[in-house]
Amino acid sequence: MKILIVGAGIAGLTLASFLKEHEGFDVDIIDKAPDWSHLGFTIDIWDVGRRILARLDLDDDFDDLSHPVHSYYVADKKLNNRIVLEHFEKFYKKYPSVLSQINRKDVHAILIKKSECDIRMNLSIESVNDAGDKVLVTFSDKSIESYDLVVGADGIHSQIRELIYPDVKIEYTGDRGWFTWIAQKYVSPQTITEILGPNTMCSLFDNPNQACAFFTAKEIPGTFCDPSTRMDRLKKHFKDYGSPIPEILSELKAEDLMPTDIGFIKTDKWIKGRIIIIGDAAHAMEPFAGIGASMAMEDAYVLADELIQIQLKEIPKALEAYKKRRLPRIKLARHQTRLNYYTDVSKIPGLHFLERVLAPFFSTSHFTKGYARLLETEP
Ligand SMILES: Cc1cc2nc3c(=O)[nH]c(=O)nc-3n(C[C@H](O)[C@H](O)[C@H](O)COP(=O)(O)OP(=O)(O)OC[C@H]3O[C@@H](n4cnc5c(N)ncnc54)[C@H](O)[C@@H]3O)c2cc1C
């Protein structure tokens, strides 16, 4: 089976790694990036993602490069406790290795090594044409090739999705996020700290080799995040926050912060003939549940699992079987993401006040039930 994977990110490389383990697959993989220098910052991987890496015998590599998150700490902007730490400790005890922190570039590197792929960089697609039993692809360098299956694993701004379903658009939440490295002294060991103010949030991560912060605030999507005013805007958004936020901001320069408009893709239009989109291309989620990469890896595993069982002529059947398996889990992950979003940064008036008052009376399972159901079940 001749397969083109468009996008050598987490989903594309995981798929290539699984297919490589089986006979009968001839895989081409391309990426529009000229190199990997843009792979920034830290990423949370839930155990559901680690389990997929374990199926590729990559769990030891992953464990060497990551560390488990022992505590999840939520505070209000004055750094008062809101949802007490012990509740989450119980959750972590129930699910050992539940959540890990790792550099994004390290996840990428172990997958590149495993897939042994010759990735054609700096290359994208001009057109895809499904001709029934083949897909004709014209690449951006004008070369033409024919494939049995084309997989769009090309992220939230997917070109493959745009080509097959131009009506499916990114929906923006109206929040902008800024990632940055920060000094280690500002984070607690193996802890994620979320500091919430209405409409704003700062998350602090103890990444294995350098600490990281992610600021979120309301800004108009698509507007230029002008570096000359960036620090002043951030200081204004976070002016009421308690220590260490003012100290962190005073040490940063505009170029240390990577801005991104937060958006998501909500559609079940994943398949057209012999073309399929997976990972963020199909179901990008806001980063508030830290689950997108784990879901992208699961997609790749399930798609490979369906493809290895079939003959060429059955590709459309395998794609439908894939979709049937993935929809319920993506729905769960999306539900958890929305719950976190409303708890963290939504601008519903009064919600934050209510949360602060009511949070101590809620069981933690209210905040973690989506994760728990994902952890308890197989993809
Ligand atoms: C700020 C932020 C923080 C996040 N934090 C977390 C987290 O902590 N935990 C978590 O699980 N998830 C997190 N996510 C989500 C996670 O990054 C994604 O869900 C995951 O990377 C999806 O993998 P993917 O392979 O589908 O897409 P990507 O990782 O985006 O990979 C897509 C690849 O396709 C390539 N590409 C794009 N367009 C083309 C084209 N036209 N032609 C060829 N190649 C192309 C890109 O260069 C890239 O290499 C976060 C997202 C954001 C924005």
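How many bridges join strand β9 and β10, and in which sense do the two pair? In this predicted model, β9 (residues 135-139) and β10 pair in the antiparallel sense over 4 bridges. One residue pair illustrates the register: L136 has S146 of β10 as its bridge partner. Both strands belong to an open sheet of 3 strands, ordered β8-β9-β10. Pairing in this sheet is antiparallel. Its edges are β8 (125-130) and β10 (144-147), each of which pairs on one side only. From one strand to the next, the twist averages 20°.

A further open sheet contains 5 strands. Their order is β2-β1-β11-β18-β17, and the pairing is mixed. The edge strands here are β2 (26-30) and β17 (271-272), and each pairs on one side only. At the β17 edge, the partner is strand β18 (residues 275-277). These two strands run in the antiparallel sense and share 2 bridges. Within this pairing, K272 stands opposite I275 in β18. In general, strands of a sheet pair through backbone hydrogen bonds, in either a parallel or an antiparallel manner.

Helix packing was examined for α2 and α10. The axes of helix α2 (residues 47-55) and helix α10 (residues 292-308) come within 8 Å. They cross at roughly 40°. The two helices are therefore oblique to each other. Their crossing is left-handed. From α2, the contact draws on V48, G49, I52 and R55. From α10, it draws on A293, S294, M297, E298 and Y301. By character, the residues of this contact divide into 5 nonpolar, 2 polar and 2 charged.

Helix α10 also takes part in the surroundings of the ligand. There are 32 residues around the ligand. Of these, G7, G9, G155, G279 and G292 come nearest. Several elements each supply at least two residues of the shell: α1 (10-20), β3 (42-46), β12 (171-181), α9 (280-283) and α10. The largest share, 4 residues, comes from α10. In composition, the shell divides into 15 nonpolar, 12 polar and 5 charged residues.

Helix α10 thus appears in two settings. It meets α2 in an oblique crossing, and it gives the ligand shell its largest share of residues.

Terms used: Residues are numbered from 1 along each chain as its sequence is written. This is a predicted model: local features need pLDDT of at least 70, side-chain atom pairs count only at pLDDT 80 or more; totals for chains, interfaces and linings use all residues. Axes are lines fitted to C-alpha atoms, for helices over the stretch in contact, and angles run from 0 to 180 degrees between N-to-C directions. Angles under 35 degrees count as roughly parallel, over 145 as roughly antiparallel, 65 to 115 as roughly perpendicular and the rest as oblique. A crossing is left-handed if the near helix is turned anticlockwise from the far one by less than a right angle, and right-handed if clockwise. Two residues are in contact if their C-beta atoms, placed from the backbone, lie within 7 Å. Ala, Val, Leu, Ile, Met, Phe, Trp, Tyr, Cys and Pro count as nonpolar, Asp, Glu, Lys and Arg as charged, and the others, Gly among them, as polar. Two strands pair if DSSP finds at least two bridges between them. A residue is near a molecule or strand if its C-beta atom, placed from the backbone, lies within 6 Å of it.
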